[in-house]
Every structure is written in C-alpha cells, then in structure tokens.
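Biologist: Please take a close look with me at one part of this model, the surroundings of the ligand, and then follow the strands on from there. I'd like the detail, pair by pair.

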Amino acid sequence: MTTAPVDVDTARRDYAALVERGLSLDITRGKPSPRQLDLSADLLTLPNGQYKAEDGTDTRNYGGLKGLPELRRIFAGALQVPVEQLFAAGNSSLELMHDTIAQAMLSTLPGAARRWADEPRIAMLCPVPGYDRHFALAERFGIELIPVPMTETGPDMDVVERLVAEDAAVKGIWCVPKYSNPTGVTFGAEVAGRLAAMPAAAPDFRIIWDNAYAVHHLTEDEPELADILALCAEAGNPDRAFVFGSTSKITFAGAGVGFFGASEANLAWWQSVLSKRTIGPDKVNQLRHALFLKDADGVRALMRQHAELIAPKFAAVERILAEELSDLATWTKPTGGYFVSLTVPEGTANEVVRLAKEAGVALTPAGATHPHGDDPADAVIRIAPTFPELAEVEEAVRALAVCVRLAVAQRA
Ligand code: PLP
C-alpha cells in the first residue's frame, strides 16, 4: 500500500456530496440476510407432528443432556469431533463459551490445581484483529486480555508459545480457526500443530476453538483445517481443546443449535456441571434441524445456496475497494466466513467511522476488533456485507471510501 497524497478540497467536496444524499445504511452486522433465513423456512413446518427421535426418545420431554445423536452425527464431520464427544445444546455457541468459562471459574477443570476463581490472576490470549464478543466475554470475568498478532496462517505462534510457556496465568487462547472473524484467515496445519503441542505453564491451559464458520465457504476452494482434538491427543495434551460451533449462520441465527466438543475427561466435567444447570436441551428444535438438514450433504447443499446469495456481496466489496482505495488501504479477500477486514492508514480508523456515521453509514466501531475496543494503530475497520441488499452494500462501501479519503486528507 502506498499512502498517496489526497487532495483535501476534492475529498471535502466528495464528502459534502455524500452527506447531501442523506443515506441510511448499515454494514456493521455479521448477520444472515432475510433471504438467507428464508432458505431454512421449511424448519418452521417441522417436525410436523413427529416428535420421536430415531432412538425413540420423545423430544417433547425432559432429558437427553448430550443432544440428539442424529443431529450430532450430521455435524461431527464438519466440526471434526467424534459423535460421542459432541454435545448438541441450545441455540448459541457464544452462550456455551460463556458457560464454559463461567464453569471453569466455579468448578475445577480437568488438569487444574484449583478453580479459576481462586487464581490470583487469569489471562487469555486474543489474536487481533479478532471477535469482539470473545473479548467482552472474558473481560466480564475479570480475565486479562493479551493481544497477539494474527498472521496469514493464524496467530503468531512465536509470541503465543513464549507467553504460554512463561506465564502460568495464561489459561487460554481464543481461536476462530476457519475463515476467522474478521480476517477470513484459516489456521494452517503448522499453527494448529504448534498450538496442540506447545509446552504450557498452566496445566489447565485451553484452546477455545470456535469453529463458527466451519462450512461457510464462498468459493469452491475450501481450505483444510487441522483436527485440533486429534492433534492435542497425539501431542499428549488430550484435554487442551474446547471445540464450539453452531447452525446460527446455516439455518436461523436466533433459533439454531449450538455444539460443544472436547475430550472424554472434559466432557465428564462438562456433563457434571451442566446437569446442575439444565435437564436437557431443546430437542424438538434439534429434531427439526435433523429432519431438515438430513445429513452432511444436506448441510453442504444449503451452504452453497448461502454462498450464491452472499458471494456477490463480498465480490462487490472487493471490486469497490480495489477501484477506490488501492492507493490508501489494504483489505482481506476472504474465501469464506462473514467479514472483510479493512486496514486504513494509522490513526484514521476512528475518524473514518465518525465521518461515515455523519453521512448515514453505520460501521462497526473502530477498535472493536481489539481487546477493550482499543486498536493501538487505530487502523482496522470490520466490514460485514451479508445483511444488506447488494445495492446497499455497494453504496455503503463507496461511501466508506469517500470517508477514508477525507480522513487521510485531513490528517496529512
Ligand atoms: N463465534 C464467532 C466467531 C462469531 O463470529 C459469532 C457470530 O458472529 C459467534 C460465535 C456467535 O455464534 P452463536 O450464534 O452460535 O452464538
């Protein structure tokens, strides 16, 4: 990227014309569009009087803490968790992550000397740019957030290995290993292998493997993700990984199914604490999902339909950024997931977001991709193109480019 000088008068004129248009656009939300949700409309007609699971379980009744086997079987492959080690739970994986951290605070994890609540200090590594809700969740429990740079193949493992080996307070690392939020990076095999095998000062160190975008391809070129549970087991750290996923961006974001996978020892721990919290998940919704999706091929076919709807929006973001900002900014070109990460010249991201807001274009707050909302370089802006209609995405990204040019011109 060359930060070519921008003519301030032109930038001001373009911005004034933009404000004049009185836009009202929003590219903040990593949500499926109504058309994407319509793809799963048939869920609302299911289970259509049927309430028995394949093993005869009456899904209307209590019980079945692990979730329905037929649904767990559909997702075991995509999430790379053996069926027996995969729980199907409520509608949100974030909720499961929150619960897992809360339970680790309150009940001693396998391998731990004591409950996290009894530790004098707890820290988690946060690859940046990353997912704001991971950071907010940890912050809520008083966990110290340590930023680690993301590379093209995952977190910078030299930094991770050093911090994890040196500091027994470092109890975990947040990972979105496939089509990461917001960079679109898929972790390479070497990164996964090092995460699984690295020496950890904390005996209860955990990898939070949030595989939220496991099947969310935008192209036919689908990157391989390493099997983290298997790698951890092979490396002699069988209890190191907690795997999460959900159907939020497969079926209904607000009425899907969340999944949790881990080693046998972790699951025994999880089951014992979970049984105090619930008698069982919403199995009717799980049955509905199993009947609707049918099998892994059913998921695949549905995800292709999603890609047909959203890939043009990602292509529009790429095309417009290339037309308007190639002299000033860099951005990611994801082949899956829900986000594009735009890097503007240092010290301008907040101003870009402010200018865009005044012009009627809502952007995710600058800094949201970093712990405590603080991007020290003030340079990263997350673009979420899935929810608005294509024409709105195009208009919003053109408007964003006008704001970047003005912010850079004003700073010069
Ligand atoms: N994890 C990541 C990385 C996400 O980007 C999101 C939503 O944007 C979630 C989890 C939320 O998942 P769920 O709807 O299953 O709670």
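Modeller: Happy to! A residue is taken as near the ligand if its C-beta atom, placed from the backbone, lies within 6 Å of it. Bear in mind that this is a predicted model. There are 13 residues around the ligand, and those that come nearest are Ser92, Ser93, Leu94, Ser246 and Ser248. By character, the shell divides into seven polar residues, five nonpolar and one charged.

Ser246 leads us on to the strands, as strand E8 spans residues 241-246. E8 pairs with E9 in the antiparallel sense, over four bridges; within this pairing, Val243 has Gly261 of E9 as its bridge partner. E9 also runs antiparallel to strand E2 (residues 86-88), and three bridges join the two. Here Gly261 comes up again, standing opposite Leu86.

What covers the picture for E9 itself, residues 258-261, is burial on both faces: Gly258 and Phe260 are buried on one side, and Phe259 and Gly261 are buried on the other.

For contrast in the wider fold, look at the open sheet with the order E10-E11-E13, a set of three strands with antiparallel pairing. Strand E10 (330-331) and strand E13 (380-383) each have a single partner strand and stand at the edges, so one side of each has no neighbour in the sheet. Two bridges link E10 with strand E11 (residues 340-343) in the antiparallel sense, and there Trp331 has Leu342 of E11 as its bridge partner.

Methods: Residues are numbered from 1 along each chain as its sequence is written. This is a predicted model: local features need pLDDT of at least 70, side-chain atom pairs count only at pLDDT 80 or more; totals for chains, interfaces and linings use all residues. A residue is buried if 20 or more other C-beta atoms lie within 10 Å of its own, exposed if 12 or fewer, and partly exposed in between; C-beta atoms are placed from the backbone. Two strands pair if DSSP finds at least two bridges between them. Ala, Val, Leu, Ile, Met, Phe, Trp, Tyr, Cys and Pro count as nonpolar, Asp, Glu, Lys and Arg as charged, and the others, Gly among them, as polar.
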